[in-house]
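Open the model in your viewer and keep the sequence panel beside it. The tour below goes selection by selection.

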Amino acid sequence: MSESTPTKPQDEMSKEEQAAHDAKERERERAEQAALPYQWTQDLSTVTVTLPLPKGTKGKDLNVVMGKKKLKVQLKSASEPILEGELFNDIISDESSWTIDDSTLNIELEKLSAHIASHQWWPHVLTHHPKIDTTKIVPENSKLEDLDGETRGMVEKMMFDNRQKAMGKPTSDELKKMEMLEKFKKAHPEMDFSNVSIKHTLPCSAMLLVKGDDSC
């Protein structure tokens, strides 16, 4: 049996190889998402799920549970749920809602991340379902230049970090740590930094010397 050819790291691909790889991944992703029993979209604050129901289904016929990190949809007359699983991330249950329109269930899940200044794209709704590539997402409702400065900064940082993680490269926060460490090393050539990792936060003494930050 022949072994499959290992996938070349993305940062080593030519433009043609990258384009072919992306096209293949998009096709795979479309097929996986089309096979789900529901459709879904998202923006920075909300995940919207649309689920077809048996014709004539009314609200009183359904049991819909939207927990902090759980979603369940079940017909009261059925023994098994139509949809059930763990959500990718926390939601605000009290601000989430659902309606039925022409035998279609529309669920609006309010992302907790949008309320704590930590915007995040979801790769999937339920954790046991296939993921999408969040590095390819751009805001649909508005262009980046139309966003206010703070929101645009958050979105650009999120997109950059997603791309870096996909390529196995440092995130923006890790790059800042690297820069701070380099400054500290130059200021203290007598110290041994051979065992220091960029994953480690600099000690308070280093923070004070590098940034003049005495808050830690």
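Begin with the four-stranded sheet of this predicted model: it is open, its strands lie in the order β1-β2-β7-β6, and their pairing is antiparallel. Select residues 39–42 for β1 and 97–101 for β6; these are the edge strands, and each of them pairs on one side only. From one strand to the next, the twist averages 15 degrees.

Next, select β1 together with β2, residues 46–52. The two strands form a hairpin, with three residues between them. Four bridges hold the antiparallel pairing of β1 and β2. To see one of the paired positions, show W40 and look for its bridge partner in β2, which is V49.

Keep β2 selected and colour it by burial. Is β2 largely enclosed or not, and why? Five of its seven residues are buried, so the rest of the structure largely encloses this strand.

Now add β7, residues 104–110, to the selection. β2 and β7 run antiparallel and are joined by seven bridges. Two positions serve as markers along this pair. T46 stands opposite E110 in β7, and T50 has N106 in β7 as its bridge partner.

Leave the strands for the moment and select helix α1, residues 15–34. A distance check between its end C-alpha atoms gives 28 Å. The helix has 20 residues, and at 1.5 Å a residue the expected span is 28 Å, so the two values agree.

With α1 still selected, show the side chains of Q18, D22 and Q33, which are buried. Then look down the axis of the helix: its buried residues fall within an arc of 35 degrees, so they line one face of α1. As background for this view, an α-helix has 3.6 residues a turn, so residues three or four places apart point the same way.

Which exposed residues does the face of α1 turned away from its buried side carry? Select E16, K24 and A34 to find them there. Turn back to the buried side and bring β1 into view again; β1 is included in what covers the buried residues of α1.

Move on to the other selection of strands, β3, β4 and β5. These three strands form an open sheet in the order β3-β4-β5, with antiparallel pairing. β3 and β5 stand at the edges with a single partner strand each, so one side of each has no neighbour in the sheet. Here the twist averages 10 degrees from one strand to the next.

Select β3, residues 62–66, along with β4. Five bridges join them in the antiparallel sense. A hairpin of three residues leads from β3 to β4. Show N63 and you will find Q74 of β4 opposite.

Then select β4 alone, residues 70–75. How many of its six residues are buried? Five are, and the strand is mostly covered.

Finish by adding β5, residues 83–86, to β4. The two run antiparallel and are joined by four bridges. As a last marker, show L71, which stands opposite G85 in β5.

Terms used: Residues are numbered from 1 along each chain as its sequence is written. This is a predicted model: local features need pLDDT of at least 70, side-chain atom pairs count only at pLDDT 80 or more; totals for chains, interfaces and linings use all residues. Side-chain values use heavy atoms; hydrogens and water are left out. Buried means under 20% relative accessible area, exposed over 50%, partly exposed in between (1.4 Å probe, protein chains only). Two strands pair if DSSP finds at least two bridges between them. Axes are lines fitted to C-alpha atoms, for helices over the stretch in contact, and angles run from 0 to 180 degrees between N-to-C directions. The expected span of a helix is 1.5 Å times one less than its number of residues. The arc is that of the directions from the helix axis to the C-beta atoms. Contact means heavy atoms within 4.5 Å.
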